Every structure is written in C-alpha cells, then in structure tokens.
Amino acid sequence: MNPAWRTLSAKERILCVLKYIFLTICVIVAIFPIAWVIMSSFKTNAEILSNGIGLPSSFSLTGYVQALAISPILKYFMNSVIVAVVATAANVFFLAMAAYVFARCQFRFKNALYMLLSLSLVIPMTALLNPVYIVVNGMGLADTKTGLILVYTALNLPMSLLILRGTFLSIPKSLEEAAYVDGAGFFRTFIQIMMPCAKGGLASAAVLAFLNNWNEFTFALVLTSGQEARTLPLSLSYFTSQFSFNYTAMFAAITIAVIPSIAVFAIFQEQVVSSLTAGAVKE
Amino acid sequence: MKKRLTALALAALMTAGCLSGCGGGTETTDEGASTESTGSEIVINYPTFQCGVNTASPVVDQLIEEFNAEYAGKYRIQKEDVPGDANYVDKIKVQLGTGDLPPVVYGGGYNLLDLALAKDVVVDLTPYVEADPEWKALYSDVALTTNSRDGKIYASSSEGSLVGYFYNKDLFAQAGIDAPATTWDEFWQQCDKLKAAGITPLALDTADSAWVTSLWAGAMIATSGDEGYEFMKQMNPIDYNNQPTIDAFTNVQKMLQEYTTLDAIGGKYEHAANNFLSGQAAMIANGPWMIGDFSDETKTTADFADKVGVAIFPGNFVYDAPIQGYFVTKQDDPALEEAAVEMVKFFTSAHAQQVALEVQGMVPASSTVEITETAKQNYPLLVEFLDLAEGATVRTDNLQATMYPNLLDVVSQDLPLLASGEMTATEFCQTLSTEAAKNQ
C-alpha cells in the first residue's frame, strides 16, 4: 500500500476514491467508442446487428481483407491527408493575415467587411453546393485535390477569422510598437513577432479546420468523380447500400482509418496540448 | 500609409475571394463535364451507385466490360463510383441544378426521370425505340407506362420489381403452419399462431423510408378492393385519406405493436434483414435480390437457404412493375448523345437482363427474356417465386415507387409515432396527404 494513503484522513480517502472513479469513467467514455469499433471489426454482421456490445465469437481478419477489396481506402486515406493538411495550412496562414489586419488596422468599412465575412458562418452548406460546384467546374478544378483544397480553405474562413482576430486582439500592442522601434516593418512584425505570440489561437483554428476538412463529405462527393482526389469519408459509403450491407468490413475500414490518426496524436500529444495552451500573453 | 495600403489590399483580396465563391449565376458550363474525347473514341462518364457492396455491382462491371469490348475504339464507358444510393441521388440533384448531368442517368427507384423532365434535359428515346424492333419488343405495356410521359418514351428498364415475401419454413413448422396464407384473415391467424409459439412473426423497419413495412402496407391497400387497387395504380397520388389506406396503416400499427421485434422501431432495412436472416423473425417482405443473402455466411448460417420459402401476398397479390430505367440527357455534342443511347440500349438489352438474372438474381424487366438454366441453378428460389407470381391475379407497383419523393422522409418520421400510438392511422394518412399536396 502507498505510504501516503496511510497519512490521509477518512474524508480525504473517500475523495481520493471518488476522484479515481470519476477519472475511470472519463477514460471509459473516451475509449469505449474506439474499442467498440475495433471489436466490431472482428464480429460478423449478425453479431453486430443482434448484439452490438457483445464480444466477437471469434477473431478473424476477414473484415479487413474485405474492406481493402471493396473500397480503395488506402488511396482515399492518402488523399485525405494531403487535402486536409494543405487546406488547414492555407486556411490558417491566409486567415491569420486577414485577422491581423482586422484586429490592428483602421480603414473604412472595416466592421462591415468583418460582419460580411463572419456572416458566411450562418450560410447552410447545402445552399453553397450549387454555386461552389459551378465555380470549381468553371475553373477546371473539378475532380482535383486543388479544387477540394481551395473549397476547404474557404469553408473554414469564418470560424478561423473569428478565432484569430480574437487572438490578435488579446496580444498587447506594446510588442508591435517595440518591434517598430527596433526597425521591423509591417510584414516582419507580423511574421516574427505576432505569429509566435498567436500560437494558441493558430493551433485552435488549425485543429478545428483540420477536423472539418478530415470529416467533410458532401463537397468531396459532389466535386470529385475519380479515385485521384476522393477522400476518406467517401470510402465508408462503399459498405452500405439500400439492400445490402457489410458492417464487418465497414468497421474494419474505420479502424484502418482512425488508427494512424490516433497514433499520430499519441506521438505528438505533448506538442498539440502545449500549442493549445501556449500564447497566453497578458498586458 | 504603407501599413494601411497593405491592410486594404489584404481585406480586398479576402472579399474578392469570398464574393467569387458565392457568386452563382445560371450559366452552365461544359468544362470538366462528364465526357472527354480521346481521338475518335467517345468516352461516356457513367456515375453509378451500383458499386461496393451493392448487389448489382458485378452486373454493371460485366456490362461495362462487354460494352467497351464491343465498341472498342468508338465508345468507352468510364465508371464513376458514387457509393451509397442516397449519395447518388444527391449528386444527380446537384448536377441537375447546375445543368451538368452525365449523359446516362439510372432512374432506379428514385423517380429521377420526372425531376430531369421538369428541367427539359431528357432525350426523347421514342424514335430510337421505334427504329429498333428488337428493343421495342422488350417494352411491355407496364414498362411503357413506367418509362413514358405524354406518349413519349424517355427511359428504358432492365430490371423488374417483382416482390412477394420470404418465410422461414422451420419457424412456420414450429408454429404448426403448413403453408403461407392466401387470405389476410388467415395471415393474421398465422401471426397469432407464431406469436403463441414464442416466435416473432414479422421483420419490419421504420427508418430509411421503411421499405419492408411499406411493402406490407401497399399489399393490404391493393387487395382491399377496387378503391384500394385504383389508388395503388395512381402515379404520385396526393390524397391518402381513403379508407383502404387508413385501414392498411391501422394494420401496420398493429404489426408494429404486436408482431415484430423491438428494434423495428427506428430500425433500418439492415435490422429487418438481420432479424430474418438470424431466425429471429418468421417473415420478411422483399424482392428476389435478397435471395443471395440467404447463402451468404457473413450474414447467416450455412444451411439457412434451405429453410427459406417464398410466397406471394395474401389476396393473390404480387408487386410487379419494371423499375424506372436508364435515360439519356441532352448534351451539346450530338455524337455523345448517340453514344449514350447506344449504352442505354446495351444496358437494357435481353442479354443485359439475362446477365442481371444470372449474376444477381434480378427479375428481368421484360417477360420475353428467357430464364436461363444457369439462373435456375443459381437461384432455385427465384424460379419458384416466378412460378408463383405467374398465378397472381392482383398486380401493382409498390407504394414507395408511386409516392412523391418527399413522402419517404415523412413515412420514416411518422411510423414510430404510429407504432407508439402517438398518432392514429387517420392522422398518419392526413400527414401524407398534406405533404403530397406540397408538390402541386
């Protein structure tokens, strides 16, 4: 027994036990969906539909073999990585510039412009489908990763602008003034002084944009037709149709799709968490 | 000043980008459209949901391969996978809105033909069909009705929708039932017998338009008498407030409350199918495309196929109507339109219907198509069903095929309310009528 435990009073011991119970519940809630998906990938269709939370009767890799045969999941996975990463980087970079201008500069119609851009947050996705399809087709970017990257960069515009403008507003002006006094220009001040200070906001905007890009389905469906540009969410539709289904293969495909993401997060979790909490500067 | 100019330039760039993205206009473009020409070969881009686990996927793949071989150097079909039926419909609707439809569209059970006709983008196939006696011979009277509007043929079917129900012979035997019911009174008695024996009589669903449950409802309407039969014959009816429909949904309420599994409420087709395939329910209404599942060991046990019997509905009724077929859309390039017509002709030929029959167990759209020995060997249950169906005296299309597309969602939303008793059958039918009237 831990010697520290003996030094605790009865009340403290109860609190300690309750704390661990709470933490255990949190861990179960977090892990259960992933564990359930992985477990389901070893079950038969009948087992999945009849007893969703039961254990598989046998461990077979058939689902994984079928998943790779039915859907080009690995190709789509790579496409997703490219599209989501590039679109997120472009979104955060361009929106940081725009947000900095909105946060710091004074010019006519600034508020009206900001309102206009922010209002695009409330435009429903379905209302954008036709115009975006026409524009992307007109630009000759249909069925290309570039087309998807441009659309995803723009789709996350309002949210990133909102986050980043707030971040830049929270950074003290004295930092920029010191940079100007030391002879730095507008662009250099933005890149070398403001961007590092806004690391927290940039990380938040990037995480949100990346998740949206990674999960986006509708535009990927409408704007692509071949295998070269299609992304991961589309691959999961290969496993169900109106009168046919293969849930085992679908859960195997989901497992193949999420395990790399979980591995990347597990490896880089310290950096991700620290970037989310960094940049809190107070005047 | 420099700072202000940079600020203005950046803001202007953002606004221009935003506005160019939102700008619509009605002008359509052919760039990046569904075709491309490589030398003298015309390429037909063919988006289809018949891919992945869809049972028709191997059929479509085989037909494309055969078409490309037969028309090598002249025409080539390039298949575009659009996995998921609903995704396909959504994509076609967007392309319909932007005037960028692919040359060939499969109407399936989604009534896409009428949506396309409303935009005047469908090629009239009448002269092509009239000029080809072999093709014309494949059109039965019912097929003509399904694929024609105002006396003009706009589409061509390859598949028939011949639907009855399947039953588990072992479970029937356990309940002391010798044969499927021939009247509805007998059917309800059999449900009671099964229930008394501790067996769930029916596999039903309510989500995703409630296909299985709707089949029982339609069968009861069609066999209720002249009024119900005439109602089932209507295309896009707007008045569901008639006695046969109200009575049928009163019975559906009874089925959902007393004779089905718990997961039917909110359950999809997959749940209903699994309940039948796992022997948890004794009957399921569905088409012959399900026969392949009876011997699919990822879904059921190895000997399940031997336990399944097939029947037509009580009242000597069977759903019998060709599924709305392929149609050609208007293109700027007449050569591409010609290629698309050739593709439709090939995909709906007697040979194509036989391929679907042998590979998928799909009932041919035309009664003149021979049931081959291979099909008989592959799908003995289908042959048994075709024999039974021949004796059916009442035939109509199914309820979902004739209702306006917006009602499919209403059915899914309101059936659980009907099952729980929060809604009566009369209120359910009134809601259907109200929603149907919105299409007028």
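Which residues of chain A does UniProt list for "domain: ABC transmembrane type-1"? The unreviewed entry gives residues 77–268 of chain A; such annotations may be inferred rather than shown by experiment, and the positions follow the numbering used here, with feature names shortened. The model is predicted, so local features need pLDDT of at least 70 and side-chain atom pairs count only at pLDDT 80 or more, while totals for chains, interfaces and linings use all residues. Residues are numbered from 1 along each chain as its sequence is written, and chains are lettered from A and ligands numbered from 1 in the order in which they are written.

Chain A holds 15 helices and two strands, taken as DSSP runs numbered from the N terminus (helices: H or I, at least four residues; strands: E, at least two). Over residues 77–268, chain A is 77% helix and 2% strand, and the end C-alpha atoms of this stretch are 20 Å apart. Along its principal axes, the C-alpha trace of chain A spans about 70 × 70 × 30 Å.

Now to the core. The largest nonpolar core (buried Ala, Val, Leu, Ile, Met, Phe, Trp, Tyr and Cys residues joined through C-beta atoms within 7 Å) has 205 residues. A residue is buried if 20 or more other C-beta atoms, placed from the backbone, lie within 10 Å of its own. Among the members that touch the most others are A:Val151 and B:Met343. Helix α5 (residues 73–104) of chain A gives the most to this core, with 14 residues. In chain B, domain 1 (37–156 + 326–364) and domain 2 (162–320 + 388–437) both give residues to this core, so it lies between them; these bounds come from an automatic or database domain assignment.

Key. Buried ≥ 20, exposed ≤ 12 C-beta atoms within 10 Å, placed from the backbone.
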